[in-house]
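Hi,

Here is the structure I promised to pass on. Have a look at it first, and my notes follow underneath.

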Amino acid sequence: MKAELKEMNFAGFNIKKTTQYNSGDDADIITYTITDLPASKKERNSPGPSYIEPHILVLSKSASPQGNNFTFFTTVKEQYDWYRTLVKDLSNDEAVLKAKSLDITQGLTGDMDKIKAIFYWVQNNIRYLAFEDGIAGFRPEKANEVLRKKYGDCKGMAHLTKELLKAAGYDARLCWIGTNHIAYDYTTPTLSVDNHMICALNFKGKLYFLDATENYLPLNEYAERIQGRPVLIEDGEKYILTNVPTTTFSQNLDAEKRVLSINGTDLTGTAEHEWKGEEESFILYQLNNLKKDKSKEAFTKYLNDDNADYQITNLSTSDVNNFDVKLTAGYNLVHKKAISSFGKDLYADIDFRKEMGAFKFDTTERKHDYWFSYKTNILRETELTVPQGFTVSTLPPNVEIKNADYEFTINYTQQPGKLLHKKTIIIKNPRLAVSKFSQWNKDIEKLNQSYNEQIVLTAK
């Protein structure tokens with residue numbers, strides 16, 4: 001066999017390489033020796049090991065056993081050709097798939113409505129179950145078998161999505177892709193490039209990527225783990241190599257608007273919430289994995305951060321089974337003991353969430369970059385009615401921190417009879433390098449300086 005040894009992440013490690021020819025075996029003996037190797041350190045939200053651990057990729061190029069010549073992966077085309085042998089003769093039961101496709105889209109007339117119905121049906125009705133055993137780690141199961149069993153791995157779910165869409169008359173393709181957990185791309189043709197399979201839809205000249213393993217994420221919205229990743233799309237004898245679109249933080253909205261009044265030592269009022277993108281997907285996944293009689297209680301604890309003094313009543317939400325629209329919630333609230341008094345002054349703390357306030361890095365211990373699960377877009381707005389006979393005498397400091405990776409802003413604005421508070425917590429780049437931890441900690445300190453101060457209202 002002709003092979004290439006590709007050295008990965010060797011920089012910074014004491015690694016020596018020697019090569020010796022053994023004439024008896026007609027073989028090159030290659031020896032790697034590593035000394036003083038530090039122990040692997042597992043840290044939460046670290047990059048995958050292929051980004052940071054020293055390792056060797058063995059790239060099999062060709063072989064000639066007993067005069068028979070085999071070419072493996074020297075190009076992406078050869079890798080695609082092998083993938084194609086695994087999927088082109090799966091012999092699906094087209095009649096079964098056609099009947100199911102018609103059943104799912106019954107009563108629908110618009111193309112996009114049909115496409116969404118099929119995609120969401122697979123998301124909601126096929127249970128994801130990872131399965132890797134020999135060739136089954138690479139070859140999808142027959143689509144009608146996934147349909148019959150009601151479960152499948154990513155390959156099986158992608159294959160079923162494709163075949164149901166094809167049965168409805170749409171141009172759907174299988175895609176091979178590596179999530180952001182792995183460092184490789186198709187510049188290195190190897191099976192290590194891919195750890196996932198999705199479906200692509202070519203509709204009216206636009207490519208849509210459908211990942212049925214992502215519960216409750218709508219069509220044309222993409223999870224962080226596949227955003228920007230190279231994707232290999234089947235195209236008959238040829239292939240299409242492109243990238244999944246990258247979306248901005250605006251996709252993942254977590255917004256809250258409150259209107260509050262002071263009632264003795266309590267804050268009372270109403271709140272409205274709105275979630276989109278992966279924020280919405282996270283909440284819906286949790287709610288739909290609970291028993292129905294427990295979901296309202298769990299949602300309430302999520303909304304009040306499990307704070308018994310933050311009492312929520314009359315909670316109403318949008319349809320938690322329809323993730324094609326933004327998730328909303330509204331309720332009445334009473335925040336007990338949120339107001340204290342001393343002499344003529346009232347002290348109010350209207351921001352009880354204080355996101356990121358405790359999120360600092362131990363720069364003496366943390367060794368690896370920190371990867372957030374996805375880009376963050378938190379918006380908090382509160383309107384506080386100033387009681388008659390009182391004036392705002394002291395406000396916490398405003399905050400304005402903006403750089404290429406994140407933004408933290410807090411603004412207080414006074415208007416006749418009321419005080420407006422607005423806060424944004426935005427993570428634009430979900431990969432925070434170790435070299436930026438110190439600045440992050442300083443910025444969190446500035447955030448906490450505002451969090452730790454109270455609003456002072458003084459009697460006139």
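Helix α2 (residues 76-87) lies across β8, β11 (230-235) and β12, running at about 55 degrees to β11. Helices here are DSSP runs of H or I with at least four residues, strands are runs of E with at least two, and both are numbered from the N terminus. Lying across involves contact, meaning heavy atoms within 4.5 Å. Angles run from 0 to 180 degrees between N-to-C directions, with axes fitted to C-alpha atoms, for helices over the stretch in contact.

Before you go further: this is a predicted model, where local features need pLDDT of at least 70 and side-chain atom pairs count only at pLDDT 80 or more, while totals for chains, interfaces and linings use all residues. Residues are numbered from 1 along each chain as its sequence is written, and side-chain values use heavy atoms, leaving out hydrogens and water.

Back to those strands. They belong to an open sheet of five, in the order β10-β9-β8-β11-β12, with antiparallel pairing; two strands pair if DSSP finds at least two bridges between them. At the edges sit β10 (206-210) and β12 (238-243), each pairing on one side only. From one strand to the next, the twist averages 35 degrees. Seven bridges join β8 (residues 171-177) to β9 (residues 196-203) in the antiparallel sense, and Asp171 has Asn202 of β9 as its bridge partner. Helix α4 (residues 111-125) lies across β9 and β10, at about 170 degrees to β9.

Next, have a look at α3 (residues 94-104). Its buried residues (under 20% relative accessible area with a 1.4 Å probe, protein chains only) are Leu97, Ser101 and Ile104. Seen down the axis, they fall within an arc of 65 degrees (taken from the directions from the helix axis to the C-beta atoms), so they line one face of α3. Ala95 and Leu102, on the other side, are exposed, that is, over 50%, with partly exposed in between. Among what covers the buried residues of α3 are α4, α5 (143-149) and α6 (154-167).

Further along, α7 (residues 277-288) packs against α8 (residues 292-303) at about 140 degrees, with the axes 9 Å apart. The two are therefore oblique to each other (under 35 degrees counts as roughly parallel, over 145 as roughly antiparallel, 65 to 115 as roughly perpendicular and the rest as oblique). The contact is made by Phe282, Ile283, Leu287 and Asn288 of α7 with Lys292, Ser295, Phe299 and Tyr302 of α8.

Overall, the protein has nine helices and 26 strands.

Cheers
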